[in-house]
Amino acid sequence: MTIQWFPGHMAKARREVSEKLKFVDIVFELVDARLPRSSRNPMLDQIVQQKPRLILLNKADLADHNQTSLWMGWFKDQGYEVLSLNAKDDKSVKQIVPAAKKVLAEKLARDKERGIKPRAIRAMVLGIPNVGKSTLLNHLAGKKIASTGNKPGVTKGQQWLRFGSQLELLDTPGILWPKFEDPEVGKRLALTGAIKDDLLHLDDLAIDELGFLRRFYPEQLKERYKLSDEDISQELPELLMLIAHKRGFKEDYERASEMMIIELRQGRLGRYTLDRFEEYIE
């Protein structure tokens, strides 16, 4: 399954991001904690260049805690300040401003020496579709100020949003990249909902999901679908059909596929991380 998707509005968003960087102090790079590598846009380094950056591993409540800890250590080793958070949770979100101040400590100290009056930190929020940008903005504001949805393409334009006296955020649409060189990246993004489902073959995606769960989270797979060790040792298409029968879908392969993908995205199979630290880092 090869996925290539670079709509015109994403090319426009990329240009606008480059133009507006000069107005911000720091970039908040929002990443899906279940995909700490696959949900990072490889064009971002080129776009952001030397602008200070804070990496936010969002949806950490859905991710494998051990894997998140390993990935956070790796990001710190690369010189980044990084937080894991759940954008719907107060305690998580309140960590952001102190972390941003830590990244900007030298700049803030220079401003103080020069007698420059303190002002709100100006940040740009960047991330691929469906990593939770709108959810984060709404939670910071305590009300719905940005559209949200469990699908890509909800945020259409750029807007400045002020949060108290300490933070001003420039929201931007999610930006994907022109081509996924590694087909596994495309599949993983598709599983978490970063790519529109109408561009995909859901039965192929469900088979990939089953293979992943059987390898890394067999107990969660067995518990959710009431399966035995013998059941999950079957060929994957047969296993999908067994789950379809158990759920009352009879021979409806497509319906079973859609159900499995939705349940994975919603966390009904428990915590999981698709980007396995041990497979990326030697």
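Strand β1, residues 26-32, is a good place to start in this predicted model. Seven of its seven residues are buried, so the strand is mostly covered, by the rule that buried means under 20% relative accessible area. Follow the side chains along the strand and you will find two sets: I26, F28, L30 and D32 point one way, while V27, E29 and V31 point the other way. Residues of both sets are buried. This fits a general pattern, in which the side chains of a regular strand alternate between the two faces of the sheet.

Now look at what lies beside β1. Strand β2, residues 53-58, runs parallel to β1 and is joined to it by six bridges. Strand β4, residues 121-126, also pairs with β1 in the parallel sense, over four bridges. F28 is a handy landmark here: its bridge partner in β2 is L54, and its bridge partner in β4 is V125.

F28 also leads us into the interior. The largest nonpolar core has 59 residues, and F28, L56 and I96 are those with the most contacts inside it. Helix α9, residues 202-216, gives the largest share of this core, seven residues. In soluble globular proteins, nonpolar side chains tend to be buried together. What is L56 in contact with, leaving aside its neighbours within four places in sequence? The list runs F28, E29, L30, V31, L83, L85, I96 and L136.

Let us turn from nonpolar residues to charged ones. Side chains of opposite charge can pair when their charged atoms come close. The count of salt bridges comes to 20. One of them involves D32, which we met in β1: its side chain meets that of R34 at 2.7 Å, N to O. Both R34 and D32 are buried.

A second example sits in helix α8, residues 183-192, where K187 and E184 lie three residues apart, about one turn of the helix. Their side chains meet in a salt bridge at 3.4 Å, N to O. K187 counts as buried because its relative accessibility is 17%, whereas E184 counts as partly exposed because its value is 34%.

For a third example, find R268 and E263, whose closest N and O atoms are 4.0 Å apart in their salt bridge. With 46% relative accessibility, R268 counts as partly exposed, while E263, at 4%, counts as buried. Elsewhere, salt bridges that share partners join D25, K107, D111 and R119 into one network.

Technical notes. Residues numbered from 1 in each chain as written. Predicted model: local features only at pLDDT ≥ 70, side-chain atom pairs only at ≥ 80, totals over all residues. Heavy atoms only, no water. Core = buried A, V, L, I, M, F, W, Y, C linked by side-chain atoms within 4.5 Å. Buried < 20%, exposed > 50% of the residue type's maximum accessible area, 1.4 Å probe, protein only. Contact = heavy atoms within 4.5 Å. Pairing = 2+ DSSP bridges.
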